[in-house]
Structures are given as C-alpha cells and as structure tokens.
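This report walks through a two-chain model. Look at the structure first, then read on.

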Amino acid sequence: MREPGVGWYPIAATSDLPLRHVFHGQLLGRELAVWRADDGYVNVWENRCLHRGARLSIGINDGQELKCQYHGWRYANRTAGCTYIPAHPADAPARTIRNRIFPVEERYGLVWSSAIGTEELPAIPALEGGPFLPLRGIVVNAPSAGVVEQLRWYRFQPIGAAGGDAAEITLDEADERMIVLRSRQNGAETVGVFLVQPVDSRRSVIRGVLKGAVQDAERMAVLRHHNERLSKLGDAVEHRAEREPLPPALELAYERLAPELAEMPELATSGRKAALRVTIARKWLTAEGIVAFELRPLTGLLPSFQPGAHLDVHLPNGLIRQYSLINAPGESGSYVIGVKREASSRGGSQLLHDTVREGDVLAISEPRNNFPLRRDARRTIFIAGGIGITPLLAMAQTLEHAALGYELNYLAENRERLAFPERLALLGDRVKTHLGLSPEAAQGLMRGLLSGYRPHVQVYICGPGPMLDAARRIAAEQGWPENAVHFEYFKNTRVIEASTTFEVALARSCVTVSVPAGKSILEVIRENGIEIASSCEQGACGTCVATLLEGEPFHQDVYLSEGEKLSGTKILTCVSRAKSARLVLDL
Amino acid sequence: MIALYDYELSGNCYKVRLLLSFLKIEYGTIPVEFYPGREHKSEWFLRINPLGQLPVIDDAGFALRDAQAILVYLASRYDPSRLWYPRSDPKLLGEIGQWLAFADAITATASAARLHDGLFYELDVMAARVGAHRLFRILDEHLWFREQEDRDWICNASHPTVADIACFPYIMLSEEGGISRQDYPSIRRWCDRFKRINGFIVMPGIFPTSPAVAA
C-alpha cells in the first residue's frame with residue numbers, strides 16, 4: 001500500500017488539453033496550471049505567477065510560452081524559466097525566475113502528475129495493450145476515500161450489452177486510489193479501471209478508463225451510460241458527505257525557490273564552468289562551411305534561454321568557444337547552434353567540423369544572455385553578416401511568433417552560404433538576403449537601411465568586426481542614439497595591452513589586490529578566491545562585466561558602447577585595465 | 001444608428017456589445033450609471049424601461065429591452081449570414097430558446113452572487129452560488145458530450161448562436177461572485193473557443209485568449 005499523497009495520480013484527461021488551452025487542475029490541495037505546447041509537451045506547473053501570484057490558469061498559452069495575464073511575464077515550455085518581463089524590456093530575466101514544475105506522464109488517455117515521490121508511473125496491467133476508452137471525469141464534492149469505497153459497488157453494463165441491468169460484476173483489484181471491475185453479460189465482457197483523484201481534502205474526481213474499442217453511436221451510448229451512473233454514484237457520496245463533519249484542509253508547502261537555484265555558487269578559482277552535459281543528437285551541414293548541432297540533455301531539462309543567448313562549448317582539446325542559440329521560443333527540448341569553419345581556426349571550429357560526431361557528449365555552460373532583445377519596439381531591424389545570423393535568427397523567430405514588426409537583413413557571399421534555410425523560409429518575406437556585396441556595397445546597403453533615425457525602432461547587428469564598426473559609424477551619422485543600436489561582436493580583434501601595473505579594490509569583498517603586468521583583473525580576482533562569471537575572456541561577450549565605483553578605466557573591449565565606456569561605470573574585467581593607479585569595483 | 005443604454009460593468013449590456021461587434025454594426029452608447037448612481041431606477045430611465053433594467057436599445061425609434069430579446073432582434077434583422085439566429089431551422093430555434101432561458105437562470109444565480117460580492121446587494125449569496133454550480137454542472141456535461149461529437153457550440157450547429165452569447169458573460173464573470181469554474185473543464189474550453197470568434201471584444205474582468213493554432 002502506498003502512503004496517501006505519495007506517487008502518481010491522474011490530474012486530467014488527454015482530451016482536456018487541446019492546443020493553446022490552459023487547464024485549471026488541482027491535486028491534493030495544490031492548484032496546477034496544465035498546458036500543452038505546440039510541440040506536444042505537457043507542462044504541469046504551480047498555478048501562480050512568480051511576480052504577483054496571479055493564477056497562470058487564466059494566462060495565455062501561445063503554443064510556445066505561457067504568458068501571465070497580469071503583467072505579461074512569459075515562461076518557457078518545459079522549464080518554466082522566465083523569458084521576458086515587459087516592464088524591463090532591455091534586461092534578460094535572471095535564471096532564478098523559474099516557476100515550480102511537477103513531473104508529468106500521459107498514459108491511458110489520462111494526464112498524470114505526482115506531488116511527492118520520484119518513482120516511475122506504474123503500469124496498470126488491466127489497461128496494457130490497449131485500446132481503451134477514457135470516460136468523462138466526474139467531480140464529486142466529497143473526500144476521495146468515500147468515493148473509492150463506493151466505487152467497489154459500482155455497476156455497469158459491458159460494451160455490447162448496453163440494455164438491461166443484469167450484468168455480473170466482479171472486483172478484480174482494489175486499493176486506496178483505484179478500483180478495477182469486470183462486467184459480464186451474455187458473452188460480452190468489459191474491464192473498467194476507476195481512479196480517484198484527490199483534488200483537495202473535500203473534493204475528488206472519478207477518472208474511469210474502459211478496456212476495449214467501440215465506435216460512433218455505440219461509443220456515445222457507452223460514454224452516456226457511465227456518465228449517468230457515475231454521476232449518480234457521485235451524488236450519493238456527496239449526500240452522505242454533507243452529513244459528516246468537513247475534513248480539515250490539506251496543508252501545502254510552497255517552495256520559495258528550487259534548491260539548485262537558491263544555492264549560492266561555490267567559491268572556486270576554477271574559472272569557466274561547464275555545468276551541463278549534452279549529447280549531439282544531430283549534426284548537419286546547414287550551409288557551405290557551416291555545421292549545425294542539435295544538443296540534447298543527458299538527463300532532465302535544459303535551462304531556459306532567451307533570444308540572443310549564447311553558451312560556452314568546452315571542447316575535448318581544452319578550447320572554449322562561444323556559440324549563439326538559434327532556437328525559436330518554446331523550442332526547449334534541445335539547443336541548436338551553428339558553427340562556421342574558420343579559415344584561421346586555432347582548433348575550435350575545425351574540431352567541431354571534422355572530429356566531433358553525432359552521439360558524442362559535450363560539456364557546455366548554461367546559456368547566458370548579454371544581447372537581450374526588446375519586444376516593445378514598433379519595428380526592429382536586424383542586420384546579420386555571415387555567421388552573425390545565429391543570435392538574430394533566434395530573435396527574428398521570437399518576433400515572428402509574437403507577430404511584432406521586424407525585418408531580417410542577411411548579408412552572405414552567396415546562396416549556398418545562407419544558414420538554416422528551413423527556418424528562414426518560415427519567416428517568409430521578412431527575410432531580405434543580400435548576396436555577394438563588396439564592403440563598399442554593404443556600407444551603401446546599411447546606409448539605406450539606417451537612413452534617418454526613427455523613434456521606436458531598434459536595430460540589432462551581428463557580423464564580422466569591420467561590418468559592425470561600419471554599421472555603428474553609419475548609425476551614429478544618421479542620428480541613431482546608442483540605446484537603439486545593439487550589437488554583438490564574435491571576437492575582439494584588438495591587440496590587448498597588458499603591460500601596466502595597478503591596484504584593484506573589491507568593495508564588497510573588502511579585498512585589495514594588485515594586478516601585475518601580463519595578468520588580467522579577472523585572473524587576479526579569481527586567484528584570490530572571488531568567483532566571477534566569464535565566457536569569451538577576450539572582451540567580446542560581456543559576461544564578466546563589473547560595476548566600476550571609482551578610478552579611470554582603460555577599456556579594451558568591443559562589448560560596451562561608446563556611451564557606456566565614457567560613463568566610466570562599467571568595466572570588462574577580462575581585458576580592460578586602469579589608467580589611474582587604483583580601481584574600485586562593486587564586487 | 002442604434003443607441004445602447006449601457007453600463008460598462010454589466011454582463012447583460014456586454015452581450016449586446018458582443019453581438020454588435022460580431023456583426024460589425026456601428027452603434028452609439030448612452031451611459032447609465034448603475035452603481036453607485038442607481039440611474040437605472042431614476043425617473044428618466046424608468047420612462048424608457050419601467051422594469052428599471054439594462055440594457056435597452058433604441059433602433060431608430062424602436063425601443064427594446066431585455067438582453068436576450070435584443071440579441072434575437074439584432075441577429076434577425078442585421079445578420080445577413082443568418083447563422084447567429086437561423087430563423088428557418090425550427091429545431092435549432094427551439095434549442096436556442098431553451099438555452100436563452102438557461103442564460104436567464106445563470107443571470108439569476110451567478111450574476112446575483114457577483115452583485116452581492118461586488119456591488120453589495122443584499123441577497124442569499126450561498127443559494128445563488130449553489131444554484132450557479134448546479135447550472136454549470138449541467139452545462140459542462142452538455143458541452144463535454146458536444147465535444148465528443150466534434151461540436152464546438154451550445155446548440156447543434158457548426159456556428160455559434162445567440163445562445164452562446166447569452167450564456168458567456170456571467171459564466172466568464174462568475175469568479176467575481178465567488179464561483180470557481182475549476183470543476184468545469186468543458187465550460188473553460190468553450191470559453192476559449194468563444195473568445196476566438198472573429199470580432200470578440202473584452203469587458204472589465206474578461207481577458208482575451210491566444211489565437212487558436214499557429215499558422
């Protein structure tokens with residue numbers, strides 16, 4: 001006998017979850033928002049938005065994400081990680097903003113979940129080998145124990161002998177949450193499994209499933225037969241329960257935050273971390289010189305991501321490389337990246353192209369987003385050069401799904417070099433390809449695209465360094481403010497000057513360290529046991545940015561905008577140094 | 001032009017606004033302050049409707065009261081598709097009449113509970129809630145079997161009718177009267193389908209839903 005409340009219970013019927021609907025469920029007192037994404041995955045979540053506690057069951061299932069009706073926070077399919085907060089359009093939501101999720105299985109036409117316990121959903125032998133017919137769920141305003149007890153005496157006619165009331169009923173199996181009955185008459189025989197879902201301490205749902213196949217008019221007759229008899233049974237239990245004292249309400253424990261999110265990262269000097277292990281589910285040539293990888297988790301769910309996010313891939317030869325996710329919103333079962341073969345490869349792209357195969361395991365970091373997408377622009381212009389398409393493709397798919405105005409300009413050498421053509425095709429005429437342009441022609445094109453700043457328009461650019469430099473210069477000439485022009489460099493081609501010596505005070509940690517020639521601020525901070533996230537470590541991605549409280553920085557990165565550099569409030573600790581003798585960082 | 005004597009928070013007025021929107025008919029509104037002004041019981045309004053109830057329409061001098069009656073009139077007169085109130089189908093007309101009466105029963109229970117909770121009406125709110133749950137249980141069962149036959153709407157037609165409009169508002173506002181719809185999953189799905197009807201508009205307390213399925 002299982003302990004009450006432990007293990008799996010049915011919480012809905014498969015037919016309760018049509019596409020784009022949110023089912024309002026409850027199990028053992030805990031309210032659940034249950035929804036099916038367009039990819040078929042069923043999500044079972046705590047029914048409250050992490051922001052103001054509004055019920056997510058009145059939210060909007062857009063097929064890929066669930067949007068809270070109150071202030072529009074969006075949560076990703078599978079992980080329930082927050083992907084967007086409309087009130088903070090320029091920021092990437094923190095990884096800790098993740099709703100509580102519960103395990104889910106779909107079997108025998110029912111959706112199952114479990115609030116306590118980790119064992120697998122046990123099979124119901126009476127229903128194995130199908131076909132089966134799920135009955136209408138009957139709500140009973142009474143504790144589940146009384147409903148289960150009454151079901152022992154439930155009488156029904158077998159399929160094929162609907163008339164009369166003379167069937168012989170035998171009890172095949174019974175426990176505290178399930179009754180299996182067999183009905184026989186004149187050679188007709190039907191097995192019925194009747195499960196009782198404890199909604200809360202005073203309410204239950206009878207979820208019946210018959211073994212057997214039945215079509216059309218007879219199917220409706222069978223469904224009505226059970227609906228009528230189970231409703232009558234439920235009414236009888238309700239009447240009896242009305243005369244009994246109300247059982248106390250179930251007490252619920254609300255997790256404030258999943259433990260792995262609540263933990264502080266351990267102090268370590270190990271540097272960049274590869275927290276995840278993934279297998280290469282698919283590797284394919286998506287364009288000339290560009291290989292795509294679909295990465296699946298070895299176990300569990302992948303952390304949620306936002307458009308513009310990248311991850312570190314730790315390669316078998318020790319190199320660490322950054323690649324942008326090209327996933328569309330809600331595509332949360334795997335990560336997809338595109339890798340261009342670099343002519344001057346130091347072994348990163350070359351290894352991924354030539355050596356790594358499908359089925360191999362890779363170590364990767366959690367996705368990080370230093371290139372967040374605003375969704376409050378009236379129009380968004382994307383300009384991608386070559387492999388720079390990757391983050392912008394993720395963004396374009398997001399705006400396409402949200403039906404927001406955008407255009408995706410894609411510059412490439414020729415048609416064969418256009419990556420992810422199947423995804424581009426889904427975006428239709430929003431995609432404008434510009435093939436084989438000389439640098440001068442490309443600048444002419446960008447001058448046209450960026451002619452005259454218009455308020456409420458945002459520009460996102462990603463591509464080779466010279467193209468980005470030109471685009472940023474043109475945008476500035478045309479009067480675009482810096483906060484409307486977003487860019488991401490693949491790499492920092494500047495020669496990094498590292499010959500100076502200076503002092504760095506870490507205000508929060510109460511530590512002052514001295515940075516010698518040949519070492520970065522980041523390295524020295526880590527050597528002193530202070531953890532700081534980093535990724536590319538060459539001043540391009542922005543992961544190791546720190547707040548500067550005092551001192552004059554010497555910026556050597558390509559991540560910060562000119563305005564940010566002039567303001568003197570931020571510094572990239574991996575490459576930048578000091579012009580003054582001392583810097584004070586908010587670390 | 002049609003004039004609607006209207007109160008923003010009234011589900012019965014919302015029924016009329018919904019149909020006018022579905023039929024793309026231009027209209028004007030004459031606001032009547034139901035609460036706290038009690039303007040529907042004022043002398044000038046009682047001359048228009050001696051029952052002192054909203055809504056009332058005035059269609060070029062033809063005045064008509066009662067939400068259900070107005071739905072029947074507007075659909076009969078202004079719906080060229082004839083789908084909202086199919087006058088030539090006697091069985092369907094009978095069904096529609098049956099569910100319009102059901103909608104009135106919803107008003108008498110679910111709407112009454114909402115008036116008690118929201119606008120401090122003195123009435124037996126427990127009885128109103130029990131009555132609403134009884135009706136919702138019946139409608140949920142009805143809609144579940146309709147779904148089993150691949151039918152989306154309350155009546156036996158492939159297009160929604162005025163019966164759907166008449167039942168929708170006070171079901172969708174029931175939680176404002178302390179009546180949860182959690183135990184009525186078929187009603188909840190029907191509400192989603194209703195919100196996807198072309199021309200659907202919202203009112204305070206009623207939210208939109210997502211488009212049906214990606215293209």
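This is a predicted model. A:Arg20 sits in the loop of chain A that links β1 (8-13) to β2 (22-27). Its phi is positive, about 65°, although A:Arg20 is not a glycine. Is A:Arg20 buried or exposed? A:Arg20 counts as buried, because it has 21 C-beta neighbours inside 10 Å and the cut-off for burial is 20 or more.

A second residue in chain A invites the same check. A:Phe420 lies in the loop between β24 (406-412) and α6 (421-426) of chain A. Its phi is near 50°, again a positive value in a residue other than glycine. A:Phe420 has 19 C-beta neighbours inside 10 Å and therefore counts as partly exposed. Most residues other than glycine have a negative phi, and most peptide bonds are trans.

**Backbone exceptions**

Chain B adds two cis peptide bonds to the list. One joins B:Tyr35 and B:Pro36. The other runs from B:Leu54 to B:Pro55. B:Pro36 is in the loop between β2 (27-31) and α2 (43-48) of chain B. B:Pro55 is in the loop between α2 and β3 (56-59) of chain B. The table sets out the angles.

| Site | Feature | Angle |
|---|---|---|
| A:Arg20 | positive phi | about 65° |
| A:Phe420 | positive phi | near 50° |
| B:Tyr35 to B:Pro36 | cis peptide, omega | about -5° |
| B:Leu54 to B:Pro55 | cis peptide, omega | near -5° |

**Strands in chain A**

Back to β1(A), the strand before the loop of A:Arg20. How enclosed is β1(A)? Six of its six residues are buried, so β1(A) is largely enclosed by the rest of the structure. Its partner is strand β10 (residues 110-114) of chain A. The two run antiparallel and are joined by five bridges. Within this pair, A:Ala12 stands opposite A:Val111 of β10(A).

Further along chain A there is an open sheet of five strands. The order is β29-β28-β34-β30-β32, and the pairing is mixed. Which strands stand at the edges? They are β29 (511-515) and β32 (570-572) of chain A. Each has a single partner strand, so one side of each is left without a neighbour in the sheet. Neighbouring strands of this sheet are turned by 40° against each other on average, direction ignored. Inside the sheet, β28 (residues 502-506) and β34 (residues 582-585) of chain A pair in the parallel sense over four bridges. A:Val504 has A:Leu583 of β34(A) as its bridge partner. In a regular strand the side chains alternate between the two faces of the sheet.

**Nonpolar cores**

The largest nonpolar core has 83 residues. The members that touch the most other members are A:Leu325, A:Phe382, A:Ile383, A:Ala384, A:Leu392, A:Val459 and A:Ala471. Helix α5 (residues 389-401) of chain A gives the largest share of this core, seven residues. Another core, of 62 residues, lies apart from it. Among the members of that other core are A:Val22, A:Val111, A:Phe132 and A:Ala241. A:Val111 is also the residue opposite A:Ala12.

What does A:Ala471 touch? Not counting residues up to four places away in sequence, A:Ala471 touches A:Ile383, A:Met446 and A:Ile461. In soluble globular proteins, nonpolar side chains tend to be buried together.

**Between the chains**

How many residues of chain B are in contact with chain A? There are 15, and they meet 20 residues of chain A. On the chain B side, the elements giving two or more residues are α5 (125-148) and α7 (185-195) of chain B. The largest share, four residues, comes from α7(B). By class, this side of chain B has six nonpolar, four polar and five charged residues.

**Inside chain B**

The domain assignment splits chain B into domain 1 (2-78) and domain 2 (90-195). Their C-alpha centres lie 21 Å apart. The contact takes twelve residues from domain 1 of chain B and twelve residues from domain 2 of chain B. On the domain 1 side, α1 (11-22) and α3 (67-78) of chain B are the elements that give two or more residues. The most come from α1(B), with six residues. The residues on this side of domain 1 divide into eight nonpolar, three polar and one charged.

Technical notes: Residues numbered from 1 in each chain as written. Chains lettered and ligands numbered in written order. Predicted model: local features only at pLDDT ≥ 70, side-chain atom pairs only at ≥ 80, totals over all residues. Core = buried A, V, L, I, M, F, W, Y, C linked by C-beta atoms within 7 Å. Buried ≥ 20, exposed ≤ 12 C-beta atoms within 10 Å, placed from the backbone. Contact = placed C-beta atoms within 7 Å. Nonpolar A, V, L, I, M, F, W, Y, C, P; charged D, E, K, R; others polar. Pairing = 2+ DSSP bridges. Axes fitted to C-alpha atoms, helices over the stretch in contact; angles between N-to-C directions. Domains from an automatic or database assignment.
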